[in-house]
Amino acid sequence: MNNVGISKKLEQTARLLEFCEGPSPLTDELTRAAERVLLLEIPLEFFASAASDERVGAELDEALGFWFRDFFPDVVWALRETVATGTSALFERVARAVESGVVELARVRTLDMRAVGFLRDAFGVRDLESLKRACEAGALSRSREFSSETELDILDDIYFLNALDKDGVRDGKTSKRESAADVFASESFGSEFVRFASFDEPALPLDDPNLIFSANAEALADFIVSELRNPTKKRDVAATAKAFVSEFVSKERIDAAREQALGVVGKIRRFFVPRDNPTNARLRWEKEERRRAREARRRESRDGAQGGSNGERSENWDGAVAPDARIEAVGPLGRSTDAVARLDFLIETDDPKTAFERIKNAVFVKETLAEDARFLAVSLRQEAFELPFNGRPTPETRLFFYAATEFVWGARKLYLSSTPTHWDALRKRAEERGWRLTSLGLYSGARRLGSRTERRIYEKLGLPEIPVELREGRVENDWLEAGAPELLTTADLRGDLHSHSNFTDGTGSLEEMVAEARRLGLDYLAATDHTKNVVSVGGMNDAEFARYWDYIDELNGVLRREGIDFRVLKGAEVDILDDGSLDLKDETLARADWVVASLHFGLDQSPERLRRRYEGAFRNPFVDAIGHPTERIIGVKAPMEVDVDFLVESAARFGKLLELNSQPRRLDLPVDALIAAKRAGVPVVISTDAHSPTHLAYLRFGVEQARRAGLTRADVANARAFAELTELRAELRRQSERGKN
Ligand SMILES: [Zn+2]
Ligand SMILES: [Zn+2]
């Protein structure tokens, strides 16, 4: 029996038990277990065939002990019996006590058992089929025992159960993987086990090479979504993917703008580009288009058809996701987590079987790992991909697809996008109101209060819709207490305060950088090239910085004369030397508009030494911000051994800003540090550290990370216009004077 069958059995057990003995903690737990089974990403029948085998039996106990460690032993035991034999003693006991049709009807969540009795007496309803006929005829709502809304809910339930039964409950093979014995024998089983089992963050350290950092994951996700909507006919994945990802990188820019800008500042025009809301920018299915397609389909079916139930799809469409259906990233990817080991997608469909068949045929799929009525796991043809930001998927990269019908979309999405901590808090809230929140909806007894949209469920629970990035069990409460403010968006950022040009290791000229910054809608850009300590990139000495800044003065002069409201800040990314002094003289720094101080060498030093070096930078009156403060490189290098609290406290004391570096591999500060900064009132500056004009678009990766920490406009220094930023810095300098004493 596969996961769906097992889940169904547990659910029936719960409902029948409720019928016979009334609701109890045990019925709740059985229901919860039924839901958990549906979400398991490893087919339980791996264990079933050999459950009598002692060794594998022990594996089964261990597996259930892991996934169901928070359940009553009675429930785990009933589950174990069901996995091994297809039924349990508990089920047999309660099923004997009722008529056979009732066993079926017990699965309809919208009905309680009193209602089942009523329906039997009043309408002769004995099974799902007769109930369906009665609802479709409108008999229930006419009786005035049921509202027409409830009647529709019951129908929804039945359609859903039918879809589930049609595809899910045939027993037998649901996976092309090895037999259970092979799986257990393989060495990688341990780690895979944990990976499959946790639907949350991968249990991998952030420097694990198997992780894909979020910018690459987004590019990959964009490609997958486009393939599922409109599969390419050619089978050359490498070429397709390559073309796609190079477009992903460049889609933020207009080449004409750069050509015009080459050396001819006077010709720079102001380009207006609609700024992206980061949450909309993620995966580009257009809501509006979807709505139109849906309407067109409705019209068609109304006009033409006698309607075969699965009919009406345009003939040449062979994508896995219908033009009018949703596909959205869920899980860690949906929350823009720093790095992910797998990509999860929720697909709207009432025909998961066909959708999954088509996914399995997609060009990017290597093999099917596991499959169920509402879940499909595949591995990626990773060798074919080169990701835009220097990276490849690894052999460990998994793609998980979940299916949901329209009427449970909101509940499924909420469940799959929350961490367990966030979900448990919502469940508790529901319980306090005497309700039950499940991955299929919010229920009061048998009445469904909400399932179609996330907003509706939050609303019923007395909450505003919590942005998906906050569903991590970290700062939701802070955010709610603050009155649910708008989180930061890319459009809020007015300038970029860390960039490199071809004066050192950037590939673009200052003019190109300015043109691109303007095209993205920014008002100022700090040119912060390297100092001489970074020899390999031609870092500049004091005299060279004087010439660099003269050039910038000239550039600003031209911009002014052209009537262009844009400002280039005379900046530096000054190295913090071994003794904590800086790589430029104070007399030199005094002329700068903006100074970022960073470590580039000796990153493996002891915490005490690193701390002394940073202290030197904090005490220098000309330093404005600390660049890439923890020096982590995702997938490569763990953060330095520097204490985040020390950084935040020193920044507060000396009036400095802390940088959130938006380079996709850095995203440094990490989320926890951003939260600490916000709580200490230390403003953050979100910078790209751009080494080419295209990098200036990376601001949005920084913004995604900032949203996870709950940052708003007020928390971010460069979400201010230039004049306000100047004011903020003056205030911070005064603070710095006080801090030194
Ligand atoms: Zn740097
Ligand atoms: Zn830099």
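Biologist: What makes helix α21 (residues 409-417) largely enclosed by the rest of the structure?

Modeller: In this predicted model, nine of the nine residues of helix α21 are buried, and therefore the helix is described as largely enclosed by its surroundings. The buried residues run from Trp409, Gly410, Ala411, Arg412 and Lys413 through Leu414, Tyr415 and Leu416 to Ser417.

Biologist: Why is Ser451 called buried?

Modeller: The cut-off for a buried residue is 20 or more other C-beta atoms within 10 Å of its own, and Ser451 has 27 such atoms within that distance, so Ser451 is counted as buried.

Biologist: Where is Ser451 placed, and which residues outside its neighbours within four places in sequence is Ser451 in contact with?

Modeller: Ser451 lies in the loop between β10 (447-450) and α23 (454-460). With those sequence neighbours left aside, Ser451 contacts Phe407, Val408, Gly410, Ala411, Leu440, Gly441 and Leu442, and among these Gly410 and Ala411 are also buried residues of α21. The C-alpha atoms of Ser451 and Phe407 are separated by 6.2 Å, although the two residues are 44 apart along the chain.

Biologist: How do you know on which side or sides of helix α9 (residues 128-136) its buried residues are put?

Modeller: The buried residues of α9 are Leu131, Ala134 and Cys135. They cover an arc of only 100° around the axis, which means that they are on the same side of α9. As a general point, an α-helix has 3.6 residues a turn, so residues three or four places apart point the same way. The exposed residues Arg133 and Glu136 are carried on the face of α9 that is turned away from the buried side. Just after α9, Gly138 adopts a positive phi of about 75°.

Biologist: Why are α1 and α5 called oblique to each other?

Modeller: The axes of helix α1 (residues 3-21) and helix α5 (residues 73-85) cross at roughly 135° and come within 10 Å. An angle over 145 would count as roughly antiparallel and one of 65 to 115 as roughly perpendicular, and α1 and α5 are therefore classed as oblique. The crossing is right-handed, and the contact brings Ile6, Lys9, Leu10 and Thr13 of α1 together with Ala78, Leu79, Thr82 and Val83 of α5. By class, these residues are five nonpolar, two polar and one charged.

Biologist: What makes α1 oblique to α6?

Modeller: The axes of α1 and helix α6 (residues 89-96) are 9 Å apart and make an angle of about 45°. Under 35 degrees the pair would count as roughly parallel, and the perpendicular range begins at 65, so α1 is oblique to α6. This crossing is left-handed, and the contact is made by Lys9, Gln12, Thr13, Leu16, Leu17 and Cys20 of α1 with Leu90, Phe91, Val94 and Ala95 of α6. These divide into seven nonpolar, two polar and one charged.

Biologist: At what angle do the axes of helix α29 (residues 644-654) and helix α30 (residues 671-679) cross?

Modeller: The axes of α29 and α30 cross at roughly 30° and come within 10 Å, in a right-handed crossing. Val644, Asp645 and Val648 of α29 meet Asp672, Ala673, Ala676 and Ala677 of α30, giving five nonpolar, no polar and two charged residues.

Notes:
Residues numbered from 1 in each chain as written. Chains lettered and ligands numbered in written order. Predicted model: local features only at pLDDT ≥ 70, side-chain atom pairs only at ≥ 80, totals over all residues. Axes fitted to C-alpha atoms, helices over the stretch in contact; angles between N-to-C directions. Helix = DSSP H or I, 4+ residues; strand = E, 2+ residues; numbered from the N terminus. Left-handed = near helix turned anticlockwise from the far one by under 90°. Contact = placed C-beta atoms within 7 Å. Nonpolar A, V, L, I, M, F, W, Y, C, P; charged D, E, K, R; others polar. Buried ≥ 20, exposed ≤ 12 C-beta atoms within 10 Å, placed from the backbone. Arc of directions from axis to C-beta.
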